[in-house]
Structure formats: C-alpha cells, structure tokens
Amino acid sequence: MFLGNTPTVMDGDWSIWIVTMTRVALEPATVLHPHPVLLVGTYGVDGKANLMNAAWGGICCSKPPCVAISLREATLTYHNILHSRAFSVGIPSREHVEIADYVGIVSGRDRDKFADTGLTSVRSEKVQAPIAAELPFTLECRLLQHHCLGLHTLFVGEILGIVADADVLGDKGLPDIEKTQAILYGGFGSNHYFAVGEKLGRAFSIGKGLKPNT
Ligand SMILES: Cc1cc2nc3c(=O)[nH]c(=O)nc-3n(C[C@H](O)[C@H](O)[C@H](O)COP(=O)(O)O)c2cc1C
C-alpha cells in the first residue's frame, strides 16, 4: 500500500536539505536481515552425527548464556534435539559457504552430511552433540526450553562451553568476527549469503554524540 511521501527537513550548519522518502506497507513476512548462518550439530537416536543450516536464531539471554534456534518438525535436527536434549551451534567462515548451504538443502535422513562435506565430527565434552572441527568456533548447548510457535518450534539452549580455533580469538580471548570471517544470510528479501562488511564504529560508544547535553 502506498503511504505517500514523508518530507523531512534536516537543519544543518551550512544549508537545509529536503529529504523525501516513499513509504510502502508490505504484507507480514519473515523478513529481518541480516540473519546469521548457524550450523546446528546433533546426534540421532542411532548415534549418527548430523549438521543443518539454521538462519533463524540468535543469542537470547546473558544469564544463563543462551542461544535460540527455530526449527520445523520436518527436520531431523528437531527430533534429534528432543532425543539428546542438546545441540551445538557452529559458525562457518567464508570458505564454508558451500558446505553451509549443502547442509541446509539435504536432510540427514537421506545423507551422512559429515561424510559428504568432509567435515570432521568431534564429540563435545560438555553436551551430547557433535562439533564440526573445521569451523572457527562452536557453542555447546544443553536444551533448556522449547516452545512450539506454529510451523516452527523455538529451542533455547544454554551455552555450557565454546570450542574455538585459537587463531580466531581477539584481544579479550573471545572469537573476533573479522578473524572468524563469519558469513550472513540475506533472508528471503535477498536470498544470498554475504560476507561481513566494513567496521562502522565502536558499539556502546559511537551513539554517545547524540545524547543531549544536560
Ligand atoms: C540459508 C538456510 C537457512 C535455513 N534456516 C532454517 C531455519 O532457521 N529453520 C529450519 O527449520 N530450517 C532452516 N533451513 C532448512 C534446513 O536447513 C533444511 O530443511 C535441512 O535439510 C534440515 O536438515 P536435517 O533434516 O538434517 O535436520 C535453512 C536452510 C537454508 C539453506
């Protein structure tokens, strides 16, 4: 729906700009970009390690440290998590983009995705879930809660440990996004994977300039 033009006057030191934006209202859709690219590792009832791509997820609590992922019941991973009460969340690098996509278009019901991709499955020491050793870092999670929302079920995992490649750690001993070379998924509006772009400013800091003087 066309909502018309919204004129905005920006008053600057040197001149006045008139900015015109055309706004449209869209139907509800699962658009929120960018998405992370999360590779969820699980063991099946038969003990077989599996990996799937899940873009719908993110950190959801700091104490206890938790990550949430949303899965359809149709996935093998959904059933594996309910069985083992655990999962891992691996972060792929640019070099893993093809692998990341493959594990998102093939089911572990039909294929051994670790064998097909050449990734090495290593058992987590913290939870009953496999870790793909080649990924820069992986969160080891125990299932804390799950809620059926509709087609997707939200799985909340408490992060009990992180396994990381020493080469991707930054100053504070945690994974550094520029070293992990993490990738993003553009979502349904831009159905491609993207590299992380340029650094724009320090978080919790760059906005301070807009605080009114008191
Ligand atoms: C970029 C991308 C993102 C995806 N995100 C999700 C997701 O968040 N939740 C989901 O249920 N499926 C998602 N999928 C689809 C699953 O990865 C796919 O159904 C996969 O085959 C399931 O594997 P499994 O049956 O071995 O668990 C995504 C696929 C791709 C390619």
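## Contacts and overall build

Two residues are in contact if their C-beta atoms, placed from the backbone, lie within 7 Å. The model described here is predicted.

The chain holds four helices and 14 strands. Its C-alpha trace spans about 70 × 45 × 30 Å along the principal axes. Of its 214 residues, 28% count as buried. Take the contacts between residues at least 6 apart in sequence: 57% of them join residues at least 24 apart.

## Helix α1

Helix α1 covers residues 76–84. Its buried residues are T77, Y78, N80 and I81. They line one face of the helix, because seen down the axis of α1 they fall within an arc of 165 degrees. An α-helix has 3.6 residues a turn, so residues three or four places apart point the same way.

What do the buried residues of α1 pack against? Their partners are six strands, named here in chain order: β4 (38–43), β5 (49–54), β7 (66–72), β8 (86–91), β11 (137–148) and β12 (152–164). R85 follows the helix. The phi of R85 is positive, near 55 degrees.

## Nonpolar core

The largest nonpolar core has 38 residues. Those touching the most other members are L38, L39, V40, I69 and C141.

The surroundings of C141 can be listed, leaving out residues up to four places away in sequence. C141 touches V67, then A86, F87, S88 and V89. V127 is another contact of C141, as are G157, E158, I159 and L160.

## Ligand shell

The ligand has 20 residues around it. W56, T77, G104, S107 and G108 come nearest. T77 is also one of the buried residues of α1.

Which element gives the most to the shell? That is β5, with four residues. At least two shell residues come from each of β5, β7, α1 and α2 (97–105). By type, the shell divides into nine nonpolar, eight polar and three charged residues.

## After the last-listed strand

G197 is found in the segment after β14 (193–195). Is G197 buried or exposed? A residue is exposed if 12 or fewer other C-beta atoms lie within 10 Å of its own. G197 has 8 such atoms within 10 Å, so G197 is exposed.

E178 lies 19 residues from G197 along the chain. The C-alpha atoms of G197 and E178 are separated by 9.2 Å.

Notes: Residues are numbered from 1 along each chain as its sequence is written. This is a predicted model: local features need pLDDT of at least 70, side-chain atom pairs count only at pLDDT 80 or more; totals for chains, interfaces and linings use all residues. A residue is buried if 20 or more other C-beta atoms lie within 10 Å of its own, exposed if 12 or fewer, and partly exposed in between; C-beta atoms are placed from the backbone. The arc is that of the directions from the helix axis to the C-beta atoms. A residue is near a molecule or strand if its C-beta atom, placed from the backbone, lies within 6 Å of it. Ala, Val, Leu, Ile, Met, Phe, Trp, Tyr, Cys and Pro count as nonpolar, Asp, Glu, Lys and Arg as charged, and the others, Gly among them, as polar. A nonpolar core is a set of buried Ala, Val, Leu, Ile, Met, Phe, Trp, Tyr and Cys residues joined through C-beta atoms within 7 Å.
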